[in-house]
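Subject: Structure handover and findings

Hello,

Here is the structure you will be taking over. Please open it alongside this email, and then read on.

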Amino acid sequence: MFEKPDELREIFQKRLETIAALSDIEELRIEYLGKKGYVSSLMQELRSLSPEDKKAAGQRINEVKQFIEGTIADKLVELKAKEEQKLIDSAESYDESMPFSADIGSYHPITLVRREVEDIFTSMGFTVEDYSEITDDYNCFEALNIPPHHPARDMQDTYYLSSDQLLKTHTSAAQNTILRKYKDSLENGNPIRAIFPGRCFRNEKIDACHENTFFQMEGIMVDKDISISNLIYFMKTMLSEVFQKDVTVRLRPGFFPFVEPGFELDIQCLICGGEGCSSCKDSGWLELCPCGMIHPNVLTAAGIDPEKYTGFAFGLGMTRLAMMRYGIKDIRVFNSGDLKALSQFTDKSFVRPE
Ligand code: FA5
């Protein structure tokens with residue numbers, strides 16, 4: 001009798017006991033259910049069995065597979081609930097007797113657009129990653145092929161802390177960490193597909209389309225044979241889903257030391273329809289999403305072999321996307337705390353500008 005499915009079930013149950021955080025679940029799923037996971041290697045062993053044993057063994061492997069899938073789904077729900085409870089417990093106490101009104105409060109437009117973009121990318125198999133606002137020179141610049149004294153640093157002056165740390169100037173600062181997180185899983189045949197939204201800080205001259213504190217969303221995909229066509233496909237899908245209509249975009253060469261080749265993806269200004277206005281600095285176009293093929297040095301810095309793998313990266317300007325999505329003419333509205341301006345986007349009577 002082929003005992004291995006039962007053994008796998010036992011090993012899995014023991015391994016499950018070591019899972020304490022939501023962030024460990026994906027690793028567990030890949031380990032057991034991924035292309036090169038335990039379940040698929042058991043399936044391969046079926047080949048060596050006699051035709052009579054094969055059927056029964058195959059059935060038992062499927063049962064174990066279903067058991068693992070179900071258990072992982074349950075664990076996900078359990079850990080989500082635990083983490084939510086932890087958040088509630090750590091929150092300041094509040095007055096439970098306070099009258100509740102559904103009219104009080106609304107989501108910030110950045111939150112709304114972030115959730116929309118996250119939904120689009122998760123439906124295409126991307127994970128959503130978290131990364132801190134404080135980082136260091138290595139992650140923000142050096143790991144991205146921007147050595148000290150490189151002129152590209154002049155564009156991204158930021159706020160430095162006395163601890164030799166700094167406030168991140170772009171979400172690309174998380175690339176090295178995320179690539180390292182998934183590099184072993186990549187070797188096991190699972191492409192890296194991740195987005196990481198975050199707040200960025202720059203010493204910036206503020207105007208209608210520049211803030212010193214703004215949001216970006218980084219995206220990366222790494223696998224064998226990833227090309228610019230994959231990049232263009234994902235960009236087009238994201239924009240058509242967000243705007244639910246055709247928007248005019250243009251792709252032009254752009255220089256970023258961490259991609260080669262690099263592009264600037266601009267969107268035709270939806271405030272003026274391309275005529276030119278203060279929101280687009282009278283150009284009719286808004287720089288929205290620089291992107292490109294990840295530079296081999298960046299892959300190497302994360303321990304990934306650039307001869308074997310290629311990938312794309314993009315850095316979506318989420319605050320600007322929200323401007324276009326909701327027809328907000330001036331970027332300063334987002335950080336203004338002006339409830340009259342900010343609360344209208346969850347108002348049911350709000351109509352998206354044509
Ligand atoms: C970057 O930050 C690169 N890290 C993007 C990138 C990622 C390139 C991956 C290639 C591959 P840039 O400085 O152009 O590039 O900023 C990206 C986007 O963020 C801009 O197109 C814009 O939409 C937004 N952005 C940049 N600076 C500001 C600002 N001061 N205020 C508001 N939005 C900004």
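Below is what was found, topic by topic. Please keep in mind that this is a predicted model.

**Two helices that cross**

Start with helix α5, residues 109-122, and helix α8, residues 228-243. Their axes come within 10 Å. They cross at roughly 135°. An angle from 115 to 145 degrees falls among the oblique ones, and α5 and α8 are therefore oblique to each other. The crossing of the two is right-handed.

Which residues make the contact? On the α5 side they are Glu116, Val117, Ile120 and Phe121. On the α8 side they are Phe234, Met238, Glu241 and Val242. Sorted by class, six of these contact residues are nonpolar and two are charged. No polar residue takes part.

**Salt bridges**

Side chains of opposite charge can pair when their charged atoms come close. The count here comes to 18 salt bridges. Three of them are described below, with a network after that.

Glu26 pairs with Arg29. Their closest N and O atoms are 3.1 Å apart. Both residues sit in helix α2, which spans residues 25-33. They are three residues apart, about one turn of the helix. An α-helix has 3.6 residues a turn, so residues three or four places apart point the same way. Glu26 is partly exposed, because its relative accessibility is 25%. Arg29 is also partly exposed, at 33%.

Glu118 and Arg114 form another salt bridge, at 3.0 Å from N to O. Both belong to helix α5. Here the spacing is four residues, again about one turn of the helix. Is Glu118 buried or exposed? With a relative accessibility of 13%, Glu118 counts as buried. Its partner Arg114 has a relative accessible area of 25%, so Arg114 is partly exposed.

Glu287 and Arg252 meet in a salt bridge as well, at 3.3 Å from N to O. Glu287 lies in strand β8 (residues 285-287) and Arg252 lies in strand β6 (residues 249-253), so this pair ties together parts that are 35 residues apart in sequence. Glu287 is partly exposed, with a relative accessible area of 41%. Arg252 is partly exposed too, at 27%.

This pair also belongs to a network. Arg250, Arg252, Asp266 and Glu287 are linked there by salt bridges.

**A pair apart in sequence**

Look next at Glu63, in helix α4 (residues 51-90). Glu63 is partly exposed, with a relative accessible area of 44%. Pro5 is 58 residues away from Glu63 along the chain. The C-alpha atoms of Glu63 and Pro5 are separated by 8.6 Å.

**Backbone details**

Which peptide bond is worth a look here? The one from Glu260 to Pro261 is cis. Its omega is near -5°. Pro261 belongs to strand β7, residues 259-268.

Now turn to the loop between α6 (137-140) and β3 (165-167), where Asn145 lies. Asn145 is not a glycine, yet it has a positive phi of about 65°. Asn145 counts as partly exposed, because its relative accessibility is 23%.

His149 is in the loop between α6 and β3 as well. His149 has a positive phi of about 70°, although it is not a glycine. How accessible is His149? Its relative accessible area is 79%, so His149 is exposed.

**A covered helix**

Finish with helix α10, residues 318-326. How many of its residues are buried? Nine of its nine are, and the helix is mostly covered. The buried residues include Met318, Leu321, Ala322, Met323, Met324 and Tyr326. Arg320 and Arg325 are on the buried list as well, and so is Thr319. Just after α10 comes Gly327, with a positive phi of about 65°.

**Where to look**

For a quick tour, begin at the right-handed crossing of α5 and α8. Then go to the network of Arg250, Arg252, Asp266 and Glu287. Next, view the cis bond from Glu260 to Pro261. End at α10 and its buried residues.

Best wishes

Key. Residues numbered from 1 in each chain as written. Predicted model: local features only at pLDDT ≥ 70, side-chain atom pairs only at ≥ 80, totals over all residues. Heavy atoms only, no water. Axes fitted to C-alpha atoms, helices over the stretch in contact; angles between N-to-C directions. Parallel < 35°, antiparallel > 145°, perpendicular 65-115°, else oblique. Left-handed = near helix turned anticlockwise from the far one by under 90°. Contact = heavy atoms within 4.5 Å. Nonpolar A, V, L, I, M, F, W, Y, C, P; charged D, E, K, R; others polar. Salt bridge = Lys/Arg side-chain N within 4 Å of Asp/Glu carboxyl O. Buried < 20%, exposed > 50% of the residue type's maximum accessible area, 1.4 Å probe, protein only.
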